[in-house]
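User: I'd like to learn how to read the helices, the core and the salt bridges of a small protein model. Could you walk me through them, one feature at a time?

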Amino acid sequence: MLYREGLGVSKDLVQSYMWAAIAARRGELFAHAFMGAIELKMSESEIEEARARADAWTPKVY
């Protein structure tokens with residue numbers, strides 16, 4: 001939601017979708033609905049970019 005609304009960060013729908021996709025893969029039920037709402041405001045290329053970023057993301061191990 002931070003990136004979707006630009007709350008404390010620059011507004012970035014691709015980044016917002018990426019984090020929602022990661023959350024959805026981890027079982028967060030609300031994330032699927034959030035992704036659907038964001039998709040309505042994104043181009044197909046933006047959605048593809050966000051999905052690619054989510055696929056490439058790996059958690060940091062400390």
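User: Let's start with α2: how many residues does it have, and what does it reach from its first C-alpha to its last?

Analyst: The general idea is to compare a helix with its expected span, 1.5 Å times one less than its number of residues. Helices here are DSSP runs of H or I with at least four residues, strands are runs of E with at least two, and both are numbered from the N terminus. In this case α2 has 13 residues and reaches 18 Å, close to the 18 Å expected at 1.5 Å a residue. Please keep in mind that this is a predicted model, in which local features need pLDDT of at least 70, side-chain atom pairs count only at pLDDT 80 or more, and totals for chains, interfaces and linings use all residues. Residues are numbered from 1 along each chain as its sequence is written, and side-chain values use heavy atoms, with hydrogens and water left out.

User: Thanks! Is α2 mostly covered or mostly open, and which of its residues are buried?

Analyst: Buried means under 20% relative accessible area, exposed means over 50%, and partly exposed lies in between, with a 1.4 Å probe and protein chains only. By that scale α2 is mostly covered, with 10 of its 13 residues buried. They are L13, V14, Q15, S16, Y17, M18, A20, A21, I22 and A24. W19 also lies in helix α2, but W19 is partly exposed, at a relative accessible area of 38%. W19 and A31 sit 12 residues apart in sequence and 8.8 Å apart in space, C-alpha to C-alpha.

User: How does that fit into the whole chain: how many helices and strands are there, and what share of the residues is buried?

Analyst: The protein chain comes to four helices and zero strands, in the pattern α-α-α-α along the sequence. Buried residues make up 31% of its 62 residues. The chain exposes about 4400 Å², with carbon and sulfur atoms supplying 57% of that area; the areas come from the Shrake-Rupley method with a 1.4 Å probe, and for residues only the protein chains shown count as cover.

User: Which residues touch the most other members of the largest nonpolar core?

Analyst: In soluble globular proteins, nonpolar side chains tend to be buried together. A nonpolar core is a set of buried Ala, Val, Leu, Ile, Met, Phe, Trp, Tyr and Cys residues joined through side-chain atoms within 4.5 Å. The largest one here has 16 residues, and Y17, A21, M35, I38, M42, A50 and A54 touch the most other members. The elements giving two or more residues to this core are α2, α3 and α4, and the largest share, eight residues, comes from α2. For a close-up, take M42: leaving aside its neighbours within four places in sequence, M42 is in contact (heavy atoms within 4.5 Å) with L13, V14, Y17, I47 and A50.

User: Which residues of α4 are buried, and why do they line one face?

Analyst: The trick is to look down the helix axis, taking the arc of the directions from that axis to the C-beta atoms. The buried residues of α4 are I47, A50 and A54. These fall within an arc of 65°, so they line one face of the helix. What covers them includes α2 and α3. The face turned away from the buried side carries the exposed residues E44, S45, D55 and A56.

User: Last topic: how many salt bridges does a search of the whole structure find?

Analyst: A salt bridge is a side-chain nitrogen of Lys or Arg within 4 Å of a carboxyl oxygen of Asp or Glu, and the search finds three. One joins R25 and D55, at 2.5 Å from N to O. This pair links distant parts of the chain, with R25 in helix α2 (residues 13–25) and D55 in helix α4 (residues 44–56), 30 residues apart. D55 is exposed, at 55% relative accessible area.

User: And which other side chains meet in salt bridges?

Analyst: R51 and E39 meet at 3.3 Å, N to O. R51 lies in helix α4 and E39 in helix α3 (residues 29–39), so the pair ties together parts that are 12 residues apart in sequence. R51 is partly exposed at 38%, and E39 is partly exposed at 28%. R53 and E49 meet at 2.9 Å, N to O; being four residues apart in helix α4, they are separated by about one helical turn. R53 is partly exposed at 31%, as is E49 at 36%.
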